[in-house]
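Ready for some hands-on practice? Grab a pencil and keep the picture open while you work through these exercises.

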Amino acid sequence: MKKIKTIFASLVLGLGLTASMTACSDSKDDEPATPAAKSIEASYQGDMTCSVMGQESVFENMGVVVKATDDATVSVTLSSFGNPPMRVPEISITGVKVSGTDVTYTLAPTQFSGTTSDGKAYSGTLQGNFAANTITVKFNLQYGAMPMPMICSFTASKK
């Protein structure tokens, strides 16, 4: 009988230790995941490269602002760039879907269009990704009366 009590006491002690170790776990599973859109929301500053018919231009210190509009959607605002008379004004692209996990996110291909304050039409497609605290945004922009698109790429780290 004494042996059974010893075995029973050992089992109870073992279960108690197991339960306390499980309860003290510092697993990230208990923490709610940050929504994809909130994870990449920031202001970014960097250089952008644009190509028109194979002619490449670099626009330095370009700003891009990514703002979450819900858990899986962002708006992307591109600062103005270029020189008059072909200066492209600030453009905001809304409804960009974001998916991914804690370390890598994708900005889904999104078509956009609009008219600037001075009446010039624009349209294009934007897509991108975010990894290692760096965003890459690629977009094709048809601006004004230009017969060919501007093919642009922007990469910068989160501020």
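Below are five short exercises on this predicted model, each with a worked solution.

**Exercise 1. Find out how many helices and strands the protein chain has, and write down their pattern along the sequence.**

Solution. Start by counting: the protein chain has two helices and eight strands. Next, read along the sequence to get their order, and you'll find α-α-β-β-β-β-β-β-β-β.

**Exercise 2. Work out how strand 1 pairs with strand 2 and with strand 8.**

Solution. First, locate strand 1 at residues 42-52 and strand 2 at residues 55-70; the two pair in the antiparallel sense over ten bridges. For a handy landmark, look at alanine 42, which sits opposite valine 66 in strand 2. Now check the turn: this hairpin has two residues between its strands, and methionine 53 takes a positive phi near 50° there. Finally, turn to strand 8, residues 150-157, which runs antiparallel to strand 1 and is joined to it by four bridges. Here threonine 49 faces serine 153 in strand 8.

**Exercise 3. Trace the partners of strand 4.**

Solution. Take strand 3 (residues 73-78) to begin with: five bridges tie it to strand 4 (residues 91-100), and the two run antiparallel. One pair to spot is valine 76 with its bridge partner in strand 4, isoleucine 93. Then move on to strand 5, residues 104-115, which pairs with strand 4 over three bridges, again in the antiparallel sense. In this pairing, serine 99 stands across from threonine 106 in strand 5. Last step: strand 4 and strand 5 make a hairpin, with three residues between them.

**Exercise 4. Decide whether serine 75 is buried or exposed, and list its contacts.**

Solution. Begin with the location: serine 75 belongs to strand 3. The cut-off you need is that buried means under 20% relative accessible area. Serine 75 has 13% relative accessibility, so it counts as buried. Now set aside neighbours within four places in sequence, and the contacts of serine 75 are Val65, Val66, Lys67, Thr69, Ile93 and Thr94.

**Exercise 5. Sum up the protein chain in percentages: what share of residues is buried, what share of the accessible surface belongs to carbon and sulfur atoms, and what share of contacts join residues at least 24 apart?**

Solution. Take burial first: 31% of the 159 residues count as buried. Then the surface: about 9900 Å² is accessible, and carbon and sulfur atoms account for 56% of that. To finish, consider contacts between residues at least 6 apart in sequence; 39% of these join residues at least 24 apart.

Key: Residues are numbered from 1 along each chain as its sequence is written. This is a predicted model: local features need pLDDT of at least 70, side-chain atom pairs count only at pLDDT 80 or more; totals for chains, interfaces and linings use all residues. Side-chain values use heavy atoms; hydrogens and water are left out. Two strands pair if DSSP finds at least two bridges between them. Buried means under 20% relative accessible area, exposed over 50%, partly exposed in between (1.4 Å probe, protein chains only). Contact means heavy atoms within 4.5 Å. Accessible areas come from the Shrake-Rupley method with a 1.4 Å probe; for residues, only the protein chains shown count as cover.
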